[in-house]
Amino acid sequence: MASFRLFRLIVILSLTLLVGACTYAETQVTSGGDFIAARPEWAARFEARPTSGSGTGSVDRAVYDAARAEPLLRFPARIGLARIQNGALTSVPGAEADAWVALIRERGAGYGEFVAVSPLVAQLTTGAVGRDVIRGPVDMVRIGAARQHLDAVLIYEVGSSKRDQATPLSLIDVTVIGAFLIPSRSLEGKATAAAMFVDVRNGYPYGTAMAQAEQTGIWMNAGSTERSIELRRTAEVEAVKKLTLEVATMMERLKGELDRLPAPRPARRG
C-alpha cells in the first residue's frame, strides 16, 4: 500500500511538470504617410486614379490602402480585450480572465481603462451593419468595440493539442491491475496563445505577442483520455498566463514609442 501511494505521488508530480517554450513580443508605430512618401513611384500609380487601380488590380489597391494607416493611439485610452475561438468572438474563460485581471491590476496603470469586448454587443452591432461587410472575426471585434467606444483592442486566440501514447508498460494493460495501477500512458498537452493589439478606428497593428506552454506526465490506461484533456486545458491557461507577461512587455515598449511620436495626423487620401 505504501508503494502504491508513492507511485500515485510520482504520477501527480509528473502531471505538474511545465516545460518552457518560445515567447516573443513586437511593436509597430511606423507612419503610413512616411512609408508611402519614401516610395513616390508606387504612390503615383494610385493617386492618378484614386478610385481604381486600373492596370494594377484590386489587390494592389488594397495593399496601397493598407500601407497608408497611421498610428492614432495615445495613452491613456479605452482598451478592449477580445478572445477568438474557432473563428468567432467568445467570452473569456474564468481562469484566463483571472490572468488578465492580475496583469491589469499590476501593470495597467497609465494605459487607461480596460473593457471586455462583449460578444452580444458585437453580434447586435454587426447584425445592424450587415453580414456582407464582415470579412472575419477581427472585423466583428472592431465593430463591436466601436459600439463600446473603445480606442484599441487586444485580440487573442489559444490553440492546443494533446497526445496520449503507450509506454513500454502498456503490455500490462491487458490485466485489471495494469489498467488501473501501472503508468502505461505517456501524456502531453501543448498550447500556443497569440495576441494582436490593433486600433479600432483604422485597424493599425500596434503589436503582437505569443507564448507557449506544455505539460507532460504519465498515467494509467484507465482515465488517460480524460487526463490528457485536462493537461491540454491546463496548458492553455498556462500559455495565457505567459502571454500576459509578453503583452505587458509589448505595451510598455509601445507606450514609450507612442509617447515620442508627434500628434496623430490624418491619413493620406489617394
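**Entry 1. Strand 3**

Why is strand 3 (residues 77-85) largely enclosed by the rest of the structure? I looked this up first and found that seven of its nine residues are buried, so the rest of the structure largely encloses the strand. Buried here means under 20% relative accessible area, exposed means over 50%, and partly exposed lies in between, with a 1.4 Å probe and protein chains only. Helices (H or I, at least four residues) and strands (E, at least two) are DSSP runs, numbered from the N terminus.

A note on what I am reading: this is a predicted model, in which local features need pLDDT of at least 70 and side-chain atom pairs count only at pLDDT 80 or more, while totals for chains, interfaces and linings use all residues. Residues are numbered from 1 along each chain as its sequence is written, and side-chain values use heavy atoms, with hydrogens and water left out.

Next I checked the partners of strand 3. I count two strands as paired if DSSP finds at least two bridges between them. Strand 3 runs parallel to strand 5 (residues 112-116), and five bridges join them. Leu81 has Ala116 as its bridge partner in strand 5. With strand 4 (residues 88-90), strand 3 pairs in the antiparallel sense over three bridges. Here Ile84 has Leu89 as its bridge partner in strand 4. Strands 3 and 4 form a hairpin with two residues between the strands, and Asn86 takes a positive phi near 55 degrees in that hairpin.

**Entry 2. The chain overall**

I noted nine helices and eight strands in the protein chain. Of its 270 residues, 40% are buried. I then took contacts, meaning heavy atoms within 4.5 Å. Among contacts between residues at least 6 apart in sequence, 78% join residues at least 24 apart. The accessible surface comes to about 14400 Å², and carbon and sulfur atoms hold 58% of this. These areas come from the Shrake-Rupley method with a 1.4 Å probe; for residues, only the protein chains shown count as cover.

**Entry 3. Aromatic pairs**

How many aromatic pairs does the structure hold? I found seven. Rings of Phe, Tyr and Trp (its six-membered ring) pair if their centres lie within 6.5 Å; planes under 30 degrees apart count as stacked, over 60 as edge-to-face and the rest as tilted.

Phe46 and Tyr64 are a stacked pair, at 4.7 Å centre to centre with 15 degrees between the planes. This pair links distant parts of the chain, since Phe46 sits in helix 3 (residues 40-47) and Tyr64 in helix 4 (residues 58-67), 18 residues apart. Phe46 is buried, with a relative accessible area of 0%. Tyr64 is also buried, with a relative accessible area of 0%.

I then looked at Phe197 and Tyr206, whose ring centres are 6.0 Å apart with planes at 50 degrees, so this pair is tilted. Phe197 is buried at 0% relative accessibility, and Tyr206 is buried at 0% as well.

Back at Phe46, I saw that ring pairs link Phe35, Trp42, Phe46 and Tyr64 into a cluster. Arg39 lies over the face of Phe35, at 3.8 Å from the ring centre. For this I require NZ of Lys or CZ of Arg within 6 Å of the ring centre and within 35 degrees of the ring normal.

**Entry 4. Gln148 and helix 7**

Where does Gln148 lie? I found Gln148 in the loop between helix 7 (137-147) and strand 6 (152-166). Gln148 is buried, at 15% relative accessibility. Its side chain reaches the backbone nitrogen of Ser118 at 2.9 Å. Such a polar contact is a pair of N or O atoms within 3.5 Å; within protein, one must be able to donate a hydrogen and the other to accept it, and residues adjacent in sequence count only if both atoms are side-chain atoms. Not counting residues up to four places away in sequence, Gln148 touches Arg78, Val115, Ala116, Val117, Ser118 and Val121.

In helix 7 I listed buried residues, among them Asp139, Met140 and Val141. His149, just after helix 7, takes a positive phi of about 60 degrees.

**Entry 5. Glu26 and Ser31**

Glu26 lies in strand 2 (residues 23-27) and is partly exposed, with a relative accessible area of 46%. Leaving aside neighbours within four places in sequence, I found Glu26 in contact with Tyr206, Gly207, Thr208, Met250 and Arg253. The C-alpha atoms of Glu26 and Arg253 are separated by 8.7 Å, with their positions 227 residues apart along the chain.

Ser31 lies in the loop between strand 2 and helix 2 (32-37). I read Ser31 as buried, at 14% relative accessibility. The side chain of Ser31 reaches the backbone nitrogen of Asp34 at 3.1 Å.
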